[in-house]
Amino acid sequence: MSRPELTPDELLSTTRAVRRRLDLTRPVEREVLEECLRLAQQAPTASYRQHWHFVVVTDAAKRAALGELWSDVARKYLGARRSAEASGSTARLLASVEHLIDHIGEVPVHVIPCVEGRTDGKPAASQASTWGSIVPATWSFMLACRSRGLGTSWTTFHLQHEREAAELLGIPYEAVMQAALVPVAYTLGTEFKPGRRAPLETMVHWDTW
Ligand SMILES: Cc1cc2nc3c(=O)[nH]c(=O)nc-3n(C[C@H](O)[C@H](O)[C@H](O)COP(=O)(O)O)c2cc1C
């Protein structure tokens with residue numbers, strides 16, 4: 001019904017962090033989520049280990065509890081950023097986070113990408129291959145969602161309460177690390193614009209930094 005017709009370039013340039021335009025009343029079908037997760041499985045992983053997991057949370061009480069963990073950190077973030085800087089795009093970002101604080105528990109699906117192994121205290125190279133094994137799959141999941149009319153955003157607030165979230169969901173904390181909490185819902189309207197980004201030359205270095 002609300003599946004947008006997107007070219008690959010449009011998909012890549014319009015997959016935004018969606019917070020305000022989430023349809024909190026429309027359920028998300030399990031089959032659609034499974035399609036997106038199957039596509040995510042095609043992402044690269046270090047040493048072909050495929051040691052990632054996705055915890056898909058639809059239970060209302062668990063979403064409410066996760067929402068509390070998320071909002072606790074989000075409120076502190078807002079307080080700190082507000083006093084420091086709040087105009088233009090920053091003010092819009094903060095207002096959008098504030099909206100999600102009020103509604104995170106109502107978002108119909110929370111997806112928590114996880115990876116086996118903990119990076120705590122490990123050398124950067126080892127950390128890179130662990131995080132690098134979950135990040136591409138999660139982004140593929142988010143792109144697949146967008147192409148089906150679903151909105152997502154990558155969020156990390158709740159990770160400051162990772163242990164509590166692990167207990168709530170039965171995730172073995174010592175062996176498995178959570179990477180994000182991705183709220184998923186159908187979007188209100190399917191048109192999204194490319195985001196504002198710095199000029200390419202400020203970020204790309206040819207042959208030398
Ligand atoms: C590693 C990472 C952590 C993030 N953590 C949060 C978060 O905790 N809460 C949140 O609302 N958004 C979070 N975001 C989303 C960013 O705010 C968002 O991607 C950024 O503002 C760009 O938005 P745009 O892609 O729509 O332009 C995170 C994004 C990334 C990549």
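Student: Which residues does Leu66 touch, not counting residues up to four places away in sequence?
Tutor: This is a predicted model, in which local features need pLDDT of at least 70, side-chain atom pairs count only at pLDDT 80 or more, and totals for chains, interfaces and linings use all residues. Residues are numbered from 1 along each chain as its sequence is written, and side-chain values use heavy atoms, with hydrogens and water left out. With contact meaning heavy atoms within 4.5 Å, and leaving out residues up to four places away in sequence, the residues that Leu66 touches are Val57, His110, Ile112, Ala165, Leu168, Leu169 and Leu181.

Student: Which element gives the largest share of the largest nonpolar core?
Tutor: A nonpolar core is a set of buried Ala, Val, Leu, Ile, Met, Phe, Trp, Tyr and Cys residues joined through side-chain atoms within 4.5 Å, where buried means under 20% relative accessible area, exposed over 50% and partly exposed in between, with a 1.4 Å probe and protein chains only. The largest one has 27 residues, and Leu66, Trp70 and Val97 have the most contacts inside it. Two or more residues each come from helix 3 (60-84), helix 4 (88-103), strand 2 (109-116) and helix 7 (162-169), helices (H or I, at least four residues) and strands (E, at least two) being DSSP runs numbered from the N terminus. The largest share, 6 residues, comes from helix 3.

Student: How many residues does the second, separate core have?
Tutor: This core includes Cys36, Phe54, Val111 and Met177. In soluble globular proteins, nonpolar side chains tend to be buried together. The size of the second core is 25 residues.

Student: Is Thr152 buried or exposed?
Tutor: Thr152 lies in strand 3, which covers residues 150-152. Beyond four places in sequence, Thr152 touches Arg16, Ala17, Val18, Met142, Cys145, Val182, Pro183 and Val184. Because its relative accessibility is 1%, Thr152 counts as buried.

Student: What share of the contacts in the chain with a separation of 6 or more comes from residues 24 or more positions apart?
Tutor: The chain has 7 helices and 5 strands, in the order α-α-β-α-α-β-α-α-β-α-β-β from the N terminus on. Among contacts with a separation of 6 or more, the share from residues 24 or more positions apart is 82%.

Student: What is the radius of gyration of the chain?
Tutor: The radius is taken over C-alpha atoms, and the globule rule is 2.2 Å times the number of residues to the power 0.38. For 209 residues, a compact globule would therefore have a value near 17 Å, with which the chain agrees at 18 Å.
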